[in-house]
Amino acid sequence: SRNAEGRGPDDYEMAMALTPKGPDVAYIRAPNECDRSALSRAQVMVRQDEGFMTYELAIPWQAIAPLAGEAGRQFSMSILINNVDDGHRRTLEWGGGIGAGKYPSRYVPVVLEK
């Protein structure tokens, strides 16, 4: 079943950020509800060079179940980058379905390869 925004029980939202405590990654289950336990083995690295921020994330296969170990399986995804400077939010989005609301039906189909 889907909620009011079109999310179903098989839809995942993962957030990565540089916080005052350092890099952080979590699943977002609902507004203000984060689950870091499933991503405890994820590796996050953030670098700042010449005014640019670079984020790198390595996610264990088990953390993206039910896709774990299934090369060739199609699923959909979207990526949104937030930049909030001087109180103004700017976004860069690949795919759609995140910035103007959570709509997984707008995500782009992708296929994992080994």
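Modeller: Buried here means under 20% relative accessible area. In this predicted model, buried residues make up 21% of the 114 residues in the protein.

Colleague: Why is Ser78 called buried?

Modeller: Its relative accessibility is 14%, and the cut-off is under 20%, so Ser78 counts as buried. Ser78 is in the loop between strand S6 (74-77) and strand S7 (79-85).

Colleague: What makes the link from the side chain of Ser78 to the backbone oxygen of Trp94 a polar contact?

Modeller: The distance is 2.9 Å, and the pair has to be within 3.5 Å, so the distance fits. The backbone oxygen of Gly96 also lies 2.9 Å from a polar atom of that side chain. Leaving out residues up to four places away in sequence, Ser78 touches Glu93, Trp94, Gly95, Gly96, Ile98 and Tyr107.

Colleague: How do you know that the charged end of Arg106 sits over the ring of Tyr103?

Modeller: The charged end is 4.4 Å from the ring centre. The rule asks for CZ of Arg within 6 Å, and also within 35 degrees of the ring normal; the distance passes, and Arg106 is listed as sitting over the ring. Aromatic pairs, though, come to zero.

Colleague: What makes up the largest nonpolar core?

Modeller: Five residues: Val25, Tyr27, Leu39, Ala42 and Ala63. They count as a core because they are buried and joined through side-chain atoms within 4.5 Å. Ala42 touches Val25, Leu57, Ala58 and Pro60, again without residues up to four places away in sequence.

Colleague: How many helices and strands are there?

Modeller: Zero helices and nine strands.

Definitions and conventions: Residues are numbered from 1 along each chain as its sequence is written. This is a predicted model: local features need pLDDT of at least 70, side-chain atom pairs count only at pLDDT 80 or more; totals for chains, interfaces and linings use all residues. Side-chain values use heavy atoms; hydrogens and water are left out. Rings of Phe, Tyr and Trp (its six-membered ring) pair if their centres lie within 6.5 Å; planes under 30 degrees apart count as stacked, over 60 as edge-to-face and the rest as tilted. Buried means under 20% relative accessible area, exposed over 50%, partly exposed in between (1.4 Å probe, protein chains only). Contact means heavy atoms within 4.5 Å. Helices (H or I, at least four residues) and strands (E, at least two) are DSSP runs, numbered from the N terminus. A polar contact is a pair of N or O atoms within 3.5 Å; within protein, one must be able to donate a hydrogen and the other to accept it, and residues adjacent in sequence count only if both atoms are side-chain atoms.
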